[in-house]
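Student: I would like a close look at a single part of this model, with the cut-offs behind each term stated as you go. Please keep to what the coordinates support.

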Amino acid sequence: SSVQQLIGGFPGSLYDHSWSPDGKWLAVFSAWSEGGIVYDRADKLDIFDPSTGALRTIVSEIGQGNLIWSPDSQWLAFTKAIESGLFMLNVNTFTVTELLSTEHGYMLAAWSSDSQWLASIQNPFMGFSPLYLANANTAMTTELVPAADFRSIAWSPDGTQIMTTVYEEDQAKLVIVNLSDGSTRELFGIDRVDVSEREYGFEHILEL
């Protein structure tokens, strides 16, 4: 019923934040800016503990990225535009491990329900990428499925399968990936709508 300031004193912009699922931690992306210009080299990732008011810097030069908490709140996956890649923070030890080095700073990633596995793809708007799978405990990353134009990641509740969207030249397909052997199964595909026909295409979908 009231507004309370949690953190203050950042010399610039706060442009992203994310609570851990258990509410014990707040991850914060901030950047030093001047005259409306944001300086990537000054972007940093901090972890805030609301119970003590302590703010701890995890990475001091990160560039813009995204934050992905594990369901059990023990791991924070994040991307870095500087030294591009996918990284993982252990909030118990505050150690950072690099899971994957990429050519593009942005990655799409999602945790399994048991917080043991992190599936990821490189920037889905920059072309083809393999579907990667990282183990949280060992920090080992493997290529689960060869490169394709992946656009999404969604885990099954039991953590045994991943559903993803795969774009091809004329079709968009919904595909299931089996974690045990990396095999894939197409659920269905739809014709991709040309830009000139997009408005009609959406109207047609709504009618269906």
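Tutor: What follows starts with the whole chain and then turns to one strand and its neighbours.

This is a predicted model, in which local features need pLDDT of at least 70 and side-chain atom pairs count only at pLDDT 80 or more, while totals for chains, interfaces and linings use all residues. Residues are numbered from 1 along each chain as its sequence is written, and side-chain values use heavy atoms, with hydrogens and water left out.

The secondary structure of the protein chain comes to 1 helix and 17 strands, where helices (H or I, at least four residues) and strands (E, at least two) are DSSP runs numbered from the N terminus. Of the 208 residues in the protein chain, 43% are buried; buried means under 20% relative accessible area, exposed over 50%, and partly exposed in between, with a 1.4 Å probe and protein chains only.

The part to examine is strand β12, which covers residues 129–135. Because 7 of its 7 residues are buried, β12 is largely enclosed by the rest of the structure. On one side of the pairing scheme, β11 and β12 run antiparallel over 4 bridges, two strands being paired if DSSP finds at least two bridges between them, and within this pair Leu118 stands opposite Ala134 in β12. The strand also pairs with β13 (residues 141–150), again in the antiparallel sense, over 5 bridges, and here Leu133 stands opposite Thr142 in β13. β12 and β13 form a hairpin with 5 residues between them, and Ala139 in the turn has a positive phi of about 65 degrees. Most residues other than glycine have a negative phi.

The neighbouring strand β11 spans residues 117–122 and contains Ser120, which is buried, with a relative accessible area of 2%. Leaving aside residues up to four places away in sequence, Ser120 touches Leu86, Leu100, Met107, Leu108, Ala109, Pro130, Leu131, Tyr132 and Ile153, a contact meaning heavy atoms within 4.5 Å. Pro130, Leu131 and Tyr132, which are among these contacts, fall within the residue range of β12.

The loop between β10 (107–111) and β11 holds Ser115, a residue other than glycine whose phi is positive, near 65 degrees, and which counts as buried at 1% relative accessibility. Another loop, between β8 (85–90) and β9 (95–101), is the place of Phe94, which likewise is not a glycine and has a positive phi, about 55 degrees.
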